[in-house]
Amino acid sequence: MSRSITMSGKSTITATFVKYRAKMMRAVSAIVGADDIEDIVQDAFIRSYEAELKQEIKYERTYMLKTARNLALNHVKSAAHQLNESMENMDMLPHDLVGYSLEKHVESKQRFIHFCRATESLSPEVRRVFLLKKVYGMRQREIAELVGLSESTVEKHVAKGLLQCARFLASSEQVDGAETVGAEPSGQSK
């Protein structure tokens, strides 16, 4: 039995979390947006609890606050990295921003169809979690409660769904591009 768990079997991390949750939320709110605060604080608790099972944590409040702060900073760093990547890909955008036309509408519908096909290629469990997160905008905690999985598993399913969909879409774009390049004009043959 870990030294941080009391004789009654209750976790001191859990008691500390309940007592200082509001303070952790305020500390995290200074770093990330309102939509991410709850997820980060919950993740900090889970990581602190798991650490408590492996080692003695002498200063639980400090440990959890530092964990929450580090998770929030990592979240901001990750978001900044994604923004930088999307900014690097800006050279692909201007043709999409020129104006709305029938051609753009058709392309948009084709992309949506490709996205639907991509999600159909996912396993049922991954597809359900992925769609709840990306289409319905649910938080990991909400999804975990709804489908009966851990938040960690939900996070892994979302990441797996993103990766598999991106691969599917990339391969379908290559196939579509190859068909267009290799196509002969109608009515003409060699």
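These exercises work through a predicted model of one protein chain.

**Exercise 1. The fold**

Task: Find how many helices and strands the chain has, and how many residues count as buried as a share of the chain.

Solution:
- Step 1. Count the elements. The chain has eight helices and zero strands.
- Step 2. Read them from the N terminus. The order is α-α-α-α-α-α-α-α.
- Step 3. Turn to burial. The chain has 190 residues, and 25% of them count as buried.
- Step 4. Check the contacts between residues at least 6 apart in sequence. Of these, 59% join residues at least 24 apart.

**Exercise 2. The largest nonpolar core**

Task: Work out which helices supply the largest nonpolar core, and which of them gives the most.

Solution:
- Step 1. Begin with the members. This core holds 17 residues, and those touching the most other members are Phe17, Met24, Val28, Val32, Ile40, Val41 and Met64.
- Step 2. Assign them to elements. Helix 1 (12–29), helix 2 and helix 3 each supply at least two residues. Helix 2 gives the most, with six.
- Step 3. Follow one member, Met64. Beyond its neighbours within four places in sequence, Met64 contacts Ile13, Thr16, Phe17, Met24, Ala44, Phe45 and Ser48.
- Step 4. Look for a second core. Another one, of six residues, lies apart from the largest; Val129, Leu132, Ala144 and Val154 are among its members.
- Step 5. Set this against the general rule. In soluble globular proteins, nonpolar side chains tend to be buried together.

**Exercise 3. Two residues of helix 2**

Task: Decide whether Ser48 and Asp36 are buried or partly exposed.

Solution:
- Step 1. Place both residues. Ser48 is in helix 2, and so is Asp36.
- Step 2. Apply the cut-off to Ser48. Its relative accessibility is 0%, so Ser48 counts as buried, because buried means under 20%.
- Step 3. List what surrounds Ser48. Leaving out neighbours within four places in sequence, its contacts are Ile13, Ile57, Tyr63, Met64 and Thr67.
- Step 4. Apply the cut-off to Asp36. At 24% relative accessible area, Asp36 is partly exposed.
- Step 5. Find a distant partner in sequence. Asp36 and His75 are 39 residues apart along the chain, yet 8.8 Å separate their C-alpha atoms.

**Exercise 4. The largest pocket**

Task: Describe the largest pocket: how much space lies in it, and what lines it?

Solution:
- Step 1. Take the volume. About 990 Å³ of space lies in this pocket.
- Step 2. Take the lining. It has 27 residues; Asp43, His75, Lys133, Gln140 and Glu155 are the closest to the centre.
- Step 3. Trace the sources. Helix 2 (34–54), helix 3 (60–88), helix 6 (124–134) and helix 8 (151–182) each give two or more residues. The largest share, eight residues, comes from helix 2.
- Step 4. Sort by character. The lining has eight nonpolar, eight polar and eleven charged residues.

**Exercise 5. Helices 7 and 8**

Task: Find which residues of helix 7 are buried, then do the contacts of Cys165.

Solution:
- Step 1. Pick out the buried residues. In helix 7 (residues 140–147), these include Gln140, Ile143 and Ala144.
- Step 2. Ask where they point. Their arc around the axis is only 100 degrees, so they sit on the same side of helix 7.
- Step 3. Recall the helix repeat. An α-helix has 3.6 residues a turn, so residues three or four places apart point the same way.
- Step 4. Move past the end. Gly148 follows helix 7 and has a positive phi, near 75 degrees.
- Step 5. Go to helix 8, where Cys165 lies. Cys165 counts as buried, at 4% relative accessibility.
- Step 6. List its contacts. Not counting residues up to four places away in sequence, Cys165 touches Ala118, Thr119, Leu122 and Phe130.

Conventions
Residues numbered from 1 in each chain as written. Predicted model: local features only at pLDDT ≥ 70, side-chain atom pairs only at ≥ 80, totals over all residues. Heavy atoms only, no water. 1 Å grid on protein atoms, 1.4 Å probe; cavity = no way out; pocket = protein on both sides within 12 Å on 5 of 7 lines; lining within 4 Å. Points joined across faces, edges and corners; volume = space filled by probe spheres on them. Helix = DSSP H or I, 4+ residues; strand = E, 2+ residues; numbered from the N terminus. Nonpolar A, V, L, I, M, F, W, Y, C, P; charged D, E, K, R; others polar. Buried < 20%, exposed > 50% of the residue type's maximum accessible area, 1.4 Å probe, protein only. Contact = heavy atoms within 4.5 Å. Core = buried A, V, L, I, M, F, W, Y, C linked by side-chain atoms within 4.5 Å. Arc of directions from axis to C-beta.
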